[in-house]
Amino acid sequence: MDHRPARSALYIPGSKERALEKARGLPVDIILFDLEDAVAPDAKVDARRTLAAALTEDYGPRQKIVRINGLDTIWGADDATAVAAMDCDAVLLPKVDSPKDVDALADLIPDQPIWAMMETPQGILNAAAIAAHPRIAGFVMGTNDLAKDLNARGRAAMITSLQHCLLAARAYGIVALDGVFNAFKDDDGLKVECDAGRDMGFDGKTLIHPAQVAICNAAFGPTADEIALAELQIAAFEAAEAAGQGVAVVDGKIVENLHVVTAKATLAKAVAIATLETS
Ligand code: COA
Ligand code: MG
């Protein structure tokens, strides 16, 4: 499991030089440089070149992930070959239906980890086999495409798919990012959806606009209350152990070793975020 913070992952159209430049100063954990749906067909080839040039610039501690076009499109194979030579942390493959799609990309990309867009009914049904693929390091939920293919309306209709992918990601120790919230001026709606994704277990959420970053980072990072509680739980459990007991009580709630494991993970995440934000 990758322990780098992955609270916020902002899509940036690979064709938009202004946005590519702006992203270098945004407090996002991951940048998803897009060559797929955010780029119009007649701009695809230029976008590949624009992106290659942008990736020679310094993006600081932000993870750089490039989303290519599917290998069943006229751009996919050339994107893959180009990205194999780019300085990025991973390659994101859209509309992954099965591990065979990952095999096909792996043949073109020898080194970088591969992330999968989970956004087709076939892909969701095959989530466990895709997560188990040795080259796969992360899942990104593609809720817009999924809603379209399911003929579904609203997030409630996609909960089974989201949970199924989260389950597969956790079973194989990979990162899992929630889908985008389209109404990028609706901060209250965004917060509700970020909290729902965090409660479900997602590591972070994908975003479309810089104005969404702060709300998302806050929702997926540990709160001050969670950090304080984690410290109390660890101290109480250590005191109980020293007294020969296997269980402690904090705030009227039982604290066992498994809670201490979660508490330590919370503190480690807080440290990783603080390190990232000061680097
Ligand atoms: N990444 C980085 N910067 C972005 C950005 C993004 N995704 N979206 C907007 N910005 C920048 C703009 O360049 C602008 O910068 P400036 O003021 O310094 O010139 C600033 O943020 C404000 O942009 P705004 O005018 O509010 O947005 P817009 O109307 O230009 O664009 C969208 C709105 C939705 C079209 C745009 O945010 C976008 O293209 N998002 C990404 C879409 C995408 O990648 N979709 C694929 C996955 S779902
Ligand atoms: Mg999609």
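This report covers the ligand sites, two helices and two single residues of a predicted model.

## Magnesium site

Two protein residues donate to the magnesium ion (ligand 2): Glu-119 through OE and Asp-145 through OD. Their distances from the ion run from 2.0 to 2.2 Å. The two donors come from distant parts of the chain, 26 residues apart. Glu-119 sits in the loop between β5 (114-118) and α5 (121-125). Asp-145 belongs to helix α7 (residues 143-150).

Both donors are buried. Glu-119 has 2% relative accessibility. Asp-145 has 15%. Buried means under 20% relative accessible area, so Asp-145 at 15% falls in that class.

## Helix α7

Asp-145 is one of the buried residues of α7. The others are Thr-143, Leu-146 and Ala-147. Their cover includes α5, β6 (136-141) and α8 (159-171). Helix α5 therefore appears twice here: it borders the loop that holds Glu-119, and it is part of the cover over α7.

Just after α7 comes Asn-151. Its phi is positive, at about 65°.

## Ligand 1

Ligand 1 is surrounded by 15 residues. The closest are Tyr-11, Lys-16, Arg-18, Ile-208 and His-209.

Polar pairs involve both backbone and side chains. A polar backbone atom of Tyr-11 lies 2.7 Å from a nitrogen atom of the ligand. The side chain of His-209 places an N or O atom 2.7 Å from an oxygen atom of ligand 1. For Lys-22, the side-chain N or O atom is 3.3 Å from a ligand oxygen. Of the 900 Å² of accessible area that ligand 1 has on its own, the protein covers 63%.

## Helix α10

Helix α10 spans residues 213-220. Val-213, Cys-216, Asn-217, Ala-219 and Phe-220 are its buried residues. They lie on the same side of α10, because their arc around the axis is only 165°. An α-helix has 3.6 residues a turn, so residues three or four places apart point the same way.

The face turned away from this buried side carries Ala-214 and Ala-218, both exposed. On the buried side, the packing partners are β1 (8-13), α9 (187-200), β8 (204-207) and α12 (257-278).

## Ala-263 in α12

Helix α12, a packing partner of α10, also holds Ala-263. This residue is buried, with a relative accessible area of 2%. Beyond its neighbours within four places in sequence, Ala-263 contacts Ala-230, Gln-233 and Ile-234. Glu-231 is 32 residues away from Ala-263 in sequence. Their C-alpha atoms are 7.2 Å apart.

## Leu-71 in its loop

Leu-71 lies in the loop between β3 (63-67) and α3 (76-84). It counts as partly exposed, because its relative accessibility is 30%. Leaving out residues up to four places away in sequence, Leu-71 touches Gly-76, Ala-77 and Ala-80. It also touches Ala-104, Leu-105 and Leu-108.

Leu-93 is 22 residues from Leu-71 along the chain. The C-alpha atoms of the two are separated by 8.6 Å.

Technical notes
Residues are numbered from 1 along each chain as its sequence is written. Chains are lettered from A and ligands numbered from 1 in the order in which they are written. This is a predicted model: local features need pLDDT of at least 70, side-chain atom pairs count only at pLDDT 80 or more; totals for chains, interfaces and linings use all residues. Side-chain values use heavy atoms; hydrogens and water are left out. Donors are N, O and S atoms within 2.8 Å of the metal (3.2 Å for Na, K and Ca); water is not among the atoms, so sites may look incomplete. Helices (H or I, at least four residues) and strands (E, at least two) are DSSP runs, numbered from the N terminus. Buried means under 20% relative accessible area, exposed over 50%, partly exposed in between (1.4 Å probe, protein chains only). The arc is that of the directions from the helix axis to the C-beta atoms. Contact means heavy atoms within 4.5 Å. A residue is near a molecule or strand if one of its heavy atoms lies within 4 Å of it. A polar contact is a pair of N or O atoms within 3.5 Å; within protein, one must be able to donate a hydrogen and the other to accept it, and residues adjacent in sequence count only if both atoms are side-chain atoms. Accessible areas come from the Shrake-Rupley method with a 1.4 Å probe; for residues, only the protein chains shown count as cover.
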